[in-house]
Amino acid sequence: MRDFLSRFLAGQESTLYEPLRGWWVGHGLPAGVLVVAWGVLVAAAVVAFVLVTVLALVWLERKVSGDIQSRLGPARVGGRFGVLQTAADALKLLLKEDIIPARADRALFVLAPLVTFLPAIMVFVVLPFARRWVPADLDVGVLYVIAISSLPALGMMMAGWGSNNKYALLGGMRAVAQLMAYEVPLVLAVLNVAAYTGTLSTVGIVEAQRTGWFIWNPALAPSFLIFFVAALAEVNRVPFDLPEAEAELVAGYHTEYSGMRFALFFLGEYTYLFFVCAFGATLFLGGWQGPLLPPAVWLVAKSYALVLAMMWVRWTLPRLRIDQLLSFGWKLLLPLALANLVFTAFWAVR
Amino acid sequence: MELIRDLLTGVVSIAKGLWVTCTNWLARPRVTVQYPRQRRQPAPRYRGLFVLRPDPARPGGTRCTACGLCAQACPSQVIEIEPAGTGRERHPARYQMNLARCLFCRMCVEACPFEALAMTTEYEFTGYAREQMLVDLAWLAGPDRPAGLTHKELAAANPPAEGEGQ
């Protein structure tokens with residue numbers, strides 16, 4: 001048992017799945033039921049992890065911003081460090097009145113938070129926490145992430161249009177314009193890694209970093225920078241938080257949202273923030289690899305390091321104008337990413 | 001060339017900004033005062049609530065002679081006085097301040113020739129109705145009120161700088 005546990009923590013044993021399957025089939029029970037039940041179990045584990053992570057991230061963000069701005073941040077709910085502040089806030093949001101504006105497009109308005117939140121959870125399918133700790137090791141994992149990760153912008157546009165509010169609509173339009181500007185360099189940066197390793201599987205990419213993290217690789221280090229900047233735009237964080245620019249657009253696309261629907265947007269935003277950082281850690285920082293500690297701990301630690309870097313940037317820089325963002329994305333990031341890819345393709349690939 | 005220079009200044013300025021926030025992040029200077037739990041100690045010259053000084057020569061009475069100079073000096077008509085007695089016995093029968101109107105400019109304290117009216121550093125004064133913003137003689141001269149500072153005491157504690165008016 002002890003042996004099994006240590007191998008399990010080291011990510012060797014996929015889970016309890018194989019022994020369980022043997023027992024299940026041995027008793028003549030239908031294997032299909034187990035597959036479905038197992039899928040539900042894994043999904044529940046992922047969702048539970050995500051929810052706890054989001055609570056922690058929101059708390060961390062408020063503490064970090066407090067530190068940077070010489071304030072205290074949450075300091076009351078749950079001890080003097082306010083660790084239960086986000087839990088209390090979430091509870092409060094659950095109790096809030098659910099308001100749908102009279103002139104809103106009801107279907108779009110109701111669907112939009114789900115369309116924004118679900119992709120943020122869906123991408124976790126290919127995130128490897130350890131060698132066998134990945135819900136599904138798809139051959140096209142990276143492609144899957146790229147495909148799914150542009151969906152939240154659709155949800156923002158739906159929210160902006162469905163709200164029937166000019167600020168919300170402007171926010172939604174900006175989300176889409178922004179998507180065009182950063183998605184292409186982001187994809188090129190990710191493609192660079194794929195071209196270098198010759199695989200689109202996230203597990204394969206991590207295993208290719210056994211000899212050295214890609215951030216130290218001269219062909220891939222620029223890609224990491226491009227990825228980081230584009231990822232900031234991808235998760236709509238300052239300095240690229242144009243879709244919800246408070247000063248200009250009230251709250252952008254989620255101006256008209258309240259209660260649980262607003263909470264879903266918020267949840268999606270932070271879920272996605274964590275995923276993007278975990279994905280960056282997987283692609284460039286060696287994923288789960290690291291000495292002594294269990295692999296999952298390494299991945300989470302690296303992700304949190306990137307999250308802290310993003311928070312640091314958020315509480316330092318002012319917001320860009322939309323034209324600055326577009327010209328930055330198209331005129332600078334894109335040529336850089338292309339040049340990087342060409343360099344990798346012609347000189348660095350073995 | 002222009003582009004490269006822009007890029008370099010951009011990178012440098014972002015790095016500078018990140019350095020500023022990073023040092024602040026790690027040094028954690030805290031300016032927050034968690035009000036009900038912690039309280040700031042205002043400077044002695046803070047313009048807080050008023051107090052009418054008791055007169056040692058008149059047990060139970062104040063130094064106020066109801067001359068009305070404070071009410072005259074007040075730009076907001078905060079003070080209402082009804083005098084009683086004559087000569088050395090003259091004193092206020094009623095001394096009411098409407099603190100809802102008061103702008104805490106200290107002109108009344110400066111006007112008082114008998115150092116009867118003083119300002120304390122108390123800054124907590126709340127109520128649920130406008131009537132609760134009225135304070136009377138009993139409150140102003142109450143037994144547990146702090147002494148505060150009269151205008152002369154304040155001037156002695158903070159002499160005007162060289163070249164400053166009077």
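Trainee: Which residue takes a positive phi just after H7(A)?

Mentor: That's A:Asn164, with a phi of about 60 degrees. Keep in mind throughout that this is a predicted model.

Trainee: And H7(A) itself, how far does it reach from its first C-alpha to its last?

Mentor: Helix H7 of chain A, residues 151–162, has twelve residues and reaches 16 Å. The expected span takes 1.5 Å times one less than the number of residues, and for this helix that gives 16 Å, so the model is close to expectation.

Trainee: What makes you call H7(A) mostly covered?

Mentor: A residue counts as buried once 20 or more other C-beta atoms lie within 10 Å of its own. In H7(A), nine of the twelve residues pass that test. Among them are A:Pro152, A:Met156, A:Met157, A:Met158 and A:Gly162.

Trainee: What covers those buried residues?

Mentor: The cover includes H5, helix H8 (166–197) and H12 of chain A.

Trainee: Let's take H12(A), then. How do you know that its length agrees with the number of residues?

Mentor: Helix H12 of chain A runs over residues 259–284, which is 26 residues. At 1.5 Å a residue it should span 38 Å, and its end C-alpha atoms are 38 Å apart, so the two agree.

Trainee: Why is H12(A) said to be largely enclosed?

Mentor: Count again with the 20-neighbour cut-off: 22 of its 26 residues are buried, so the rest of the structure largely encloses H12(A). After the helix comes A:Gly286, with a positive phi near 80 degrees.

Trainee: Which residues have the most contacts inside the largest nonpolar core?

Mentor: They are A:Val190, A:Phe227, A:Ala230, A:Leu273, A:Phe275 and A:Cys277, in a core of 93 residues. Take A:Phe275: leaving aside neighbours within four places in sequence, its contacts are A:Ala120, A:Val123, A:Phe124 and A:Leu127. Another core lies apart from the largest one and has 22 residues, including B:Leu49, B:Val51, B:Tyr95 and B:Leu149. As background, nonpolar side chains tend to be buried together in soluble globular proteins.

Trainee: Zooming out, how many helices and strands does chain A have?

Mentor: Fourteen helices, written 14 in the tally, and zero strands.

Trainee: Why is chain A called as compact as a globular protein of that length?

Mentor: Set one value against the other. The radius of gyration is 21 Å and the globule rule gives 20 Å for 350 residues, which is close, so the label fits. The C-alpha trace spans about 60 × 55 × 45 Å along its principal axes. Buried residues make up 43% of the chain's 350. Of the contacts between residues at least 6 apart in sequence, 76% join residues at least 24 apart.

Trainee: Is A:Arg106 buried or exposed?

Mentor: Exposed. The cut-off is 12 or fewer neighbours, and A:Arg106 has 11 other C-beta atoms within 10 Å, so it qualifies. A:Arg106 lies in helix H5 (residues 106–122) of chain A.

Trainee: How many residues of chain A are in contact with chain B?

Mentor: Ten, and they touch 13 residues of chain B. The chain A side has six nonpolar, two polar and two charged residues.

Trainee: Over in chain B, what makes S2 and S5 edge strands?

Mentor: Three strands form an open antiparallel sheet in the order S2-S3-S5. Strand S2 (79–84) and strand S5 (134–135) have a single partner strand each, so one side of each is left without a neighbour in the sheet.

Trainee: How do you know that S3(B) and S5(B) are paired?

Mentor: Pairing needs at least two bridges, and two bridges join S3(B) to S5(B), so the pair just meets the requirement. In one of the bridges, B:Asn98 has B:Leu134 in S5(B) as its partner.

Trainee: What is the phi of B:Arg28, and what makes this residue count as exposed?

Mentor: Its phi is positive, about 50 degrees, although B:Arg28 is not a glycine. Most residues other than glycine have a negative phi. B:Arg28 has 12 C-beta neighbours inside 10 Å, so it counts as exposed, right on the cut-off of 12 or fewer.

Trainee: Why does B:Arg106 count as partly exposed?

Mentor: B:Arg106 has 18 C-beta neighbours inside 10 Å, and the class in between runs above 12 and below 20, so it is partly exposed. Its phi is positive too, near 75 degrees, and B:Arg106 sits in the loop between S3 and helix H3 (107–111) of chain B.

Technical notes. Residues are numbered from 1 along each chain as its sequence is written. Chains are lettered from A and ligands numbered from 1 in the order in which they are written. This is a predicted model: local features need pLDDT of at least 70, side-chain atom pairs count only at pLDDT 80 or more; totals for chains, interfaces and linings use all residues. Two residues are in contact if their C-beta atoms, placed from the backbone, lie within 7 Å. Ala, Val, Leu, Ile, Met, Phe, Trp, Tyr, Cys and Pro count as nonpolar, Asp, Glu, Lys and Arg as charged, and the others, Gly among them, as polar. Helices (H or I, at least four residues) and strands (E, at least two) are DSSP runs, numbered from the N terminus. The radius of gyration is taken over C-alpha atoms; the globule rule is 2.2 Å times the number of residues to the power 0.38. A nonpolar core is a set of buried Ala, Val, Leu, Ile, Met, Phe, Trp, Tyr and Cys residues joined through C-beta atoms within 7 Å.
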